[in-house]
Amino acid sequence: MAAVNGNGKEVTDVPVPPSSLIRRVSSRSIRNSISEEKENGDVCAGKGSFVNKYSKKPEALKNFHLNDAESELEVPGTPMTPRTSTTPGHENCTFHHDLELDHRPPTREALLPDMANSYRLLLTGLGEDPERQGLLKTPERAAKAMLFFTKGYDQSLEEVLNNAIFDEDTDEMVVVKDIEMFSMCEHHLVPFYGKVSIGYLPQGKILGLSKLARIVEIFCRRLQVQERLTKQIAVAVTQAVRPAGVAVVIEGVHMCMVMRGVQKINSKTVTSTMLGVFRDDPKTREEFLNLVHSK
């Protein structure tokens with residue numbers, strides 16, 4: 001492939017960076033290089049700049065993506081830039097730039113500085129002084145708290161179940177009720193809380209009882225609406241043990257209705273999801289609801 005160097009002469013062989021160098025290329029280094037070249041007045045089509053140098057052989061880079069045998073890399077940080085093309089074999093990758101080969105999303109700890117800065121801007125926008133003593137560490141505390149409130153994004157059903165599924169010859173109803181739930185309303189970013197009751201009809205497999213509470217934690221520790229949360233819990237139990245039916249009832253108090261808006265402090269929201277036998281058989285559904293509402 002022919003290229004033109006800074007003197008206007010055609011060059012037939014343009015160097016392709018070795019794999020060890022490509023591994024360390026990041027969007028930050030690209031941006032820094034471009035900034036330096038702009039300051040020095042070197043950014044132009046004829047110059048052999050950093051970007052021009054490594055964009056001459058896109059096919060070579062694509063082949064590197066596909067053929068490089070090294071899989072475990074220590075990358076100092078994971079960029080959050082979106083992909084700009086669909087490199088073969090990497091169409092579903094969303095956390096790295098074309099020249100950044102680390103597929104892992106940033107760790108939650110890595111998000112803290114940016115989140116703290118956002119809270120600092122918020123305090124300033126409210127007319128507060130984020131440097132005064134009482135607010136000096138508030139942005140960091142708030143960022144850590146928000147990560148805790150949304151830790152469910154880092155959890156999966158498989159990890160939480162941890163193989164706590166057991167063969168058992170039973171088909172009688174299992175109910176765990178009044179599981180405490182705390183979540184964050186995705187509309188106003190204020191809490192809602194309440195109790196979750198779960199029932200299921202086993203078909204030869206049962207779930208460790210504590211795992212039902214952990215399933216609740218996975219989905220309530222996210223930005224949520226109660227309607228979706230109810231269904232997600234029911235679907236997760238179904239995926240875990242394939243029962244004949246699953247029933248979930250949530251009773252919640254929403255601070256977006258208590259602290260603001262209509263300010264109805266005694267209002268409660270009740271949602272339910274009935275799957276399988278619980279949906280089809282009124283008697284089974286009635287038995288579950290009687291057990292849930294009994295003292």
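Which residue in E5 is the bridge partner of serine 183? Select serine 183 and look across to E5: the partner is phenylalanine 192. Keep in mind throughout that this is a predicted model.

**Stop 1: the sheet**

Stay with these two strands. E4 covers residues 174–185, and E5 covers 191–201. Nine bridges join E4 to E5, and the two run antiparallel.

Now widen the selection to the whole sheet. Five strands make up an open sheet, in the order E7-E4-E5-E8-E9, with mixed pairing. Color E7 (223–224) and E9 next. These are the edge strands, each pairing on one side only.

Move to E8, residues 245–254. On one side, 10 bridges join E8 to E5, and this pair is antiparallel. Pick valine 196 and find its bridge partner in E8, isoleucine 250. E8 also pairs with E9 (residues 269–276), again in the antiparallel sense, over eight bridges. Here, valine 249 stands opposite serine 272 in E9.

Is E8 enclosed or open to the outside? Nine of its 10 residues are buried, so E8 is largely enclosed by the rest of the structure.

**Stop 2: the nonpolar core**

Return to valine 196 and show side chains. Valine 196 is one of the residues with the most contacts inside the largest nonpolar core; the others are Ile198, Ile215 and Ile233. That core has 34 residues. Several elements supply at least two residues each: H7 (157–161), E4, E5, H8 (209–220), H9 (226–241), E8 and H10 (255–258). Select H9 in particular. Seven residues of the core come from H9, the largest share.

What does valine 196 touch, beyond its neighbours within four places in sequence? Display Val176, Lys177, Asp178, Ile179 and Met181. Then add Val216, Ile233, Val248, Val249 and Ile250. Valine 196 is in contact with each of these.

Now look for a second, separate core. It has eight residues, among them Leu201, Ala247, Phe288 and Val292.

**Stop 3: helix H6**

Select residues 138–149. This is H6, a helix of 12 residues. From first C-alpha to last it reaches 16 Å, close to the 16 Å expected at 1.5 Å a residue.

Which residues of H6 are buried? They are Pro139, Ala143, Met146 and Leu147. Sight down the axis: these buried residues cover an arc of only 100 degrees, which puts them on the same side of H6. Rotate the helix to find Arg141 and Lys144, exposed on the other side. Then rotate back and show what the buried residues pack against: helix H5 (108–125) and strand E4.

**Stop 4: aromatic pairs**

The model holds three aromatic pairs. Two are worth a visit.

Begin with phenylalanine 148 and phenylalanine 149. Their rings are edge-to-face, 6.5 Å centre to centre, with 70 degrees between the planes. Phenylalanine 148 is partly exposed at 43% relative accessibility. Phenylalanine 149 is partly exposed too, at 32%.

Next, select phenylalanine 182 and tyrosine 193. This pair is stacked: 6.5 Å centre to centre, 25 degrees between the planes. Phenylalanine 182 lies in E4 and tyrosine 193 in E5, so the pair ties together parts that are 11 residues apart in sequence. Both rings belong to partly exposed residues: phenylalanine 182 has 46% relative accessibility, and tyrosine 193 has 36%.

**Stop 5: arginine 221 and cysteine 220**

Select arginine 221, in the loop between H8 and E7. Is arginine 221 buried or exposed? It counts as buried, at 12% relative accessibility. Show its contacts, leaving out residues up to four places away in sequence. Arginine 221 touches Phe148, Phe149 and Phe182, residues from the previous stop. Its contacts also include Thr150, Lys151, Gly152 and Tyr153.

Step back one residue to cysteine 220, in helix H8. Cysteine 220 is buried, with a relative accessible area of 0%. Apart from neighbours within four places in sequence, cysteine 220 is in contact with Met181, Phe182, Ser183, Met184 and Leu229. That list brings back serine 183, where the tour began.

Finish with a distance. Draw a line between the C-alpha atoms of cysteine 220 and tyrosine 193: they are separated by 9.2 Å, though 27 residues apart along the chain.

Notes: Residues are numbered from 1 along each chain as its sequence is written. This is a predicted model: local features need pLDDT of at least 70, side-chain atom pairs count only at pLDDT 80 or more; totals for chains, interfaces and linings use all residues. Side-chain values use heavy atoms; hydrogens and water are left out. Helices (H or I, at least four residues) and strands (E, at least two) are DSSP runs, numbered from the N terminus. The expected span of a helix is 1.5 Å times one less than its number of residues. Buried means under 20% relative accessible area, exposed over 50%, partly exposed in between (1.4 Å probe, protein chains only). The arc is that of the directions from the helix axis to the C-beta atoms. Contact means heavy atoms within 4.5 Å. A nonpolar core is a set of buried Ala, Val, Leu, Ile, Met, Phe, Trp, Tyr and Cys residues joined through side-chain atoms within 4.5 Å. Rings of Phe, Tyr and Trp (its six-membered ring) pair if their centres lie within 6.5 Å; planes under 30 degrees apart count as stacked, over 60 as edge-to-face and the rest as tilted. Two strands pair if DSSP finds at least two bridges between them.
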